[in-house]
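Subject: The structure for you to look at

Hi,

Here is the structure I promised to pass on, together with its sequence. Have a look at it first, and then read on for what turned up.

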Amino acid sequence: MRRLIVLFALVLSTGAALAETWMVRQKVAGSFADTRDTVVMAIENRGLVVNYTAHIADMLQRTGADIGASRQIYDNAEIIEFCSASLSRKMMETDPHNIVLCPFAISIYTLPGEKSTTWVAYRKPQGAAAKLVEPLLSEIAAEAAR
């Protein structure tokens, strides 16, 4: 029985460690609006264009009652989607299946009960695309934390 418990604990801890390999997230001491504006400015200062802003918190709030959900997940949450024509082309020339990484996206959100804290997160590119795209996403996210 003890071996089973140890094995179960090992499996759970391994799963928790792997769960973070696909995402980068960081806490930012600041308001949602200021953090979002900093992310947008960091994108635009690189000559890139925001393609779309997904208002995730609003959507979840609006549709929650329709599906019987009552828990508030976010106070605020948006995903900023943007693109770099040259970077996207290089990424897809490396591997045409990298199309799934386009457009690039950075999430900005606040959680209920976490006053004065905003989260900035993005999907971590994998494979050969990582060395092309990760520096851009990392720099933009880091600017939000300053």
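Tyr109 and Trp119 are both buried, and they make a good place to start in this predicted model. Their ring centres lie 6.4 Å apart and the ring planes meet at 10°, so the two rings count as stacked. Tyr109 belongs to strand S4 (residues 104-110) and Trp119 to strand S5 (residues 117-123), so this pair ties together parts that are 10 residues apart in sequence. Tyr74 joins Tyr109 and Trp119 in one aromatic cluster. In the structure as a whole there are three aromatic pairs.

The two strands that carry this pair also meet through their backbones. S4 and S5 are paired in the antiparallel sense, over three bridges. One to find on your screen is Ser107, whose bridge partner in S5 is Ala121.

Stepping back to the sheet, you will see five strands in the order S1-S5-S4-S3-S2, forming an open sheet with antiparallel pairing. At the edges are strand S1 (23-29) and strand S2 (49-54), each of which pairs on one side only. From one strand to the next, the twist averages 20°.

Which helices lie against this sheet? Helix H2 (residues 32-44) is one of them: it lies across S1, S2, strand S3 (76-83), S4 and S5, and runs at about 0° to S3. Helix H5 (residues 128-145) packs on the sheet too, where it touches S1, S3, S4 and S5, and its direction makes about 175° with that of S5.

A residue in helix H2 that deserves a closer look is Thr35. Is Thr35 buried or exposed? Its relative accessible area is 3%, so Thr35 is buried, the cut-off being under 20%. A polar atom of the Thr35 side chain lies 2.8 Å from the backbone oxygen of Ser31. Leaving aside residues up to four places away in sequence, Thr35 touches Val28, Gly30, Ile108, Thr118, Val120 and Ala144.

Two spots in the backbone are also worth a visit. As background, most residues other than glycine have a negative phi, and most peptide bonds are trans. Cys102 and Pro103, however, are joined by a cis peptide bond, with omega at about 0°. Pro103 sits in the loop between helix H4 (85-94) and S4. The other spot is Ser116, which is not a glycine but has a positive phi of about 65°. Ser116 lies in the loop between S4 and S5, and with a relative accessible area of 60% it is exposed.

For the overall picture, the protein chain has five helices and five strands, and from the N terminus on its elements run α-β-α-β-α-β-α-β-β-α. Of its 146 residues, 29% count as buried. Among contacts with a separation of 6 or more, 69% are between residues 24 or more positions apart.

Finally, a word on confidence. The average pLDDT of the protein chain is 87, and 86% of the residues score at least 70. Over residues 1-19, though, pLDDT stays under 50, and the model has zero contacts for them beyond four places in sequence. Where pLDDT is low, the predicted coordinates should not be read in detail.

Happy browsing, and best wishes

Notes
Residues numbered from 1 in each chain as written. Predicted model: local features only at pLDDT ≥ 70, side-chain atom pairs only at ≥ 80, totals over all residues. Heavy atoms only, no water. Phe/Tyr/Trp six-rings, centres within 6.5 Å; stacked < 30°, edge-to-face > 60°. Helix = DSSP H or I, 4+ residues; strand = E, 2+ residues; numbered from the N terminus. Buried < 20%, exposed > 50% of the residue type's maximum accessible area, 1.4 Å probe, protein only. Pairing = 2+ DSSP bridges. Axes fitted to C-alpha atoms, helices over the stretch in contact; angles between N-to-C directions. Contact = heavy atoms within 4.5 Å. pLDDT = per-residue confidence, 0-100. Polar contact = N/O pair within 3.5 Å; in protein donor to acceptor, adjacent residues only side chain to side chain.
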